[in-house]
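Colleague: I should like to request a close look at the aromatic residues of this chain and at the nonpolar interior around them. Please treat the subject as one connected account.

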Amino acid sequence: MYRVSSSMGQSNFQYHNRVQEGKKHAVEGQLHSQQGLNRLRENPVNAAHSIRFQSKEMRMNRYQQNVDNVMNKLAVTESHVTQATELLQRIREIAVQGANGTYSQEELRYMAIEVNAYLEELGEIANAKGGDGLSLFSGTRTDVDAFRLLRGSVVGSDEQMITRAMYTGNTQTRESAYGDQASISTQFTGNSVFWAENQRIWGANDVGQFVVQQDSDILIDGVAIPLKAGDSIQSVMLAINRADVAVRASLDPVENNLVLESTVPHQLWLQDGENSTTLVDLGLIVAGRESSTPNNYHPFARISGGSMFDAVIDLRDALLIGDSSRIGGGALLGLDRSLDQVNLTRAEIGARQSRLEITGQRISGDVLTYKQWDDQMRGLDLAQALIEQKMLDSAMSVSYASAARIMQPRFMDFLK
């Protein structure tokens, strides 16, 4: 039940007038901001969709930045690998020249000096840093040089030269996300890029009676391989060969020791897991030196398959002593395999770049799509808003005019 009073008409007019003014202010706010959704409570459903689209757009922009950063890093890496390829091609030309046996000892020595200069440059490339000052080829140990270049005396030369290159990085690489469930490696490790041949390691111990002592893991190239107490050497080999790692295990038929061979050119990375002595017992590594991986091989283990540096050093030393057969044999073969490896790396870089270019184009399209969908949720139909504003203005003008005629002021109103 409503109480009828003389002020009821005026109160109703003021109430409805405030409602209309609120609608008018909302439309004017939309016109001012050029958005149809200024407050979440105006349209909760559209607001929820808009927030979701904006969140997706922000993620896409972050992925696009990641793609751009990886593309820049890959471009720098490709530049250095290309330089290494060009140097190796020139070194190979020298090797072919030196192998034909028509040059004098002095001329071969000049070739060796040139090869040594290229070797120094290869060392600079392998230890190169990106624009951020971090090493390109040392894995996640980006604060150190990828290779430690050891120098010493060389037969046929009066000066100190590089005699060995030791990898000091690790096998881990950083991943950069370019999708909700997609990422790509941003690095190439030096013990793969600058490696020439498949590496093979013969353990120092007879493993005929070998048995795993307790449940434990061994790590090969950073991949954990679980073993169980009581496993024989055949079970260990089976576990290694089934693991997701580029290594093949076998038994030497003569000395009955375990042989590990990489299936793609790289330096093997061997570690015993916690509470494990399996690789030590097999005579592959020595205890107490896991921190110096990969230079923890057993001193009596036989190792074959060297790095790009080993191939170039072998060629330089052969040129210095004038050994033509060695120049055209093992040295030239090592260079060819080094070229194959760097060309494979260049192909992998190109494949990643192509993949990221396609991904970047897709992300750009997705960002535009989400922005359009958000605009549809928050956007303003300008023509409709202007019409609504005019209608509200007209309605309020008519309302005021009608109220002025209906609620005529009386003498008593001025006495209140």
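Modeller: What follows begins with the chain as a whole, turns to the aromatic rings and the cores, and ends with some local features.

The model is a predicted one. Its secondary structure amounts to ten helices and eleven strands. Of the 416 residues in the chain, 40% count as buried. The chain exposes about 22,500 Å², and carbon and sulfur atoms supply 50% of that area. Among contacts between residues at least 6 apart in sequence, 66% join residues at least 24 apart.

The aromatic residues come next. The structure holds six aromatic pairs. A pair of aromatic rings is described by the distance of the centres and the angle of the planes. For Phe-147 and Phe-194, the ring centres are 6.0 Å apart and the planes stand at 90°, an angle over 60 degrees, so this pair is edge-to-face. The pair links distant parts of the chain. Phe-147 belongs to strand β1 (residues 147-152), while Phe-194 sits in the loop between α4 (190-193) and β5 (200-202), 47 residues apart. Phe-147 has a relative accessibility of 2%, and because buried means under 20%, this residue counts as buried. Phe-194 is likewise buried, with a relative accessible area of 0%.

Tyr-167 and Trp-269 form an aromatic pair that is also edge-to-face, with 6.2 Å from centre to centre and 75° between the planes. Tyr-167 lies in strand β2 and Trp-269 in the loop between β9 and β10 (270-272), so the pair ties together parts that are 102 residues apart in sequence. Tyr-167 and Trp-269 are both buried. These four residues belong, with Phe-137 and Phe-309, to one aromatic cluster.

The nonpolar cores form the next part of the account. In soluble globular proteins, nonpolar side chains tend to be buried together. In this model, the largest nonpolar core has 57 residues, and those with the most contacts inside it are Leu-122, Phe-194, Leu-315 and Leu-319. Phe-194 therefore appears both in the edge-to-face pair with Phe-147 and among the residues with the most contacts inside this core. At least two residues of the core are supplied by each of α2 (44-99), α3 (105-126), β2 (161-167), α7 (308-321) and α8 (324-378). Helix α2 gives the largest share, 13 residues. Leu-122, not counting residues up to four places away in sequence, touches Ala-84, Leu-87, Leu-88, Ile-91, Met-308, Phe-309 and Val-312. Phe-309, one of these contacts, is also a member of the aromatic cluster.

Apart from the largest core lies another, of 27 residues, among them Val-212, Ile-218, Ala-249 and Tyr-297.

Helix α5 shows how burial is arranged around a helix. In α5 (residues 233-242), Ile-233, Val-236, Met-237, Ala-239 and Ile-240 are buried. Seen down the axis of α5, the buried residues fall within an arc of 160°, so they line one face of the helix. An α-helix has 3.6 residues a turn, so residues three or four places apart point the same way. The buried residues of α5 pack against four strands: β6 (216-220), β7 (223-227), β8 (247-251) and β9 (258-262).

Helix α8 contains Thr-345. This threonine is buried, with a relative accessible area of 6%. Leaving aside its neighbours within four places in sequence, Thr-345 is in contact with Val-81, Phe-188 and Val-193.

Some local features of strands and loops complete the account. Strands β3 (residues 175-179) and β4 (residues 182-185) pair in the antiparallel sense over four bridges. A hairpin of two residues joins β3 to β4, and Ser-183 in β4 is the bridge partner of Ala-177.

Most residues other than glycine have a negative phi, and most peptide bonds are trans. Asn-256 has a positive phi of about 60° although it is not a glycine. Asn-256 lies in the loop between β8 and β9 and, at 27% relative accessibility, counts as partly exposed. Asn-275, again not a glycine, has a positive phi of about 65°. The loop between β10 and α6 (278-281) holds Asn-275, and this asparagine is exposed, with a relative accessible area of 55%.

Conventions. Residues are numbered from 1 along each chain as its sequence is written. This is a predicted model: local features need pLDDT of at least 70, side-chain atom pairs count only at pLDDT 80 or more; totals for chains, interfaces and linings use all residues. Side-chain values use heavy atoms; hydrogens and water are left out. Two strands pair if DSSP finds at least two bridges between them. Buried means under 20% relative accessible area, exposed over 50%, partly exposed in between (1.4 Å probe, protein chains only). Contact means heavy atoms within 4.5 Å. Accessible areas come from the Shrake-Rupley method with a 1.4 Å probe; for residues, only the protein chains shown count as cover. A nonpolar core is a set of buried Ala, Val, Leu, Ile, Met, Phe, Trp, Tyr and Cys residues joined through side-chain atoms within 4.5 Å. The arc is that of the directions from the helix axis to the C-beta atoms. Rings of Phe, Tyr and Trp (its six-membered ring) pair if their centres lie within 6.5 Å; planes under 30 degrees apart count as stacked, over 60 as edge-to-face and the rest as tilted.
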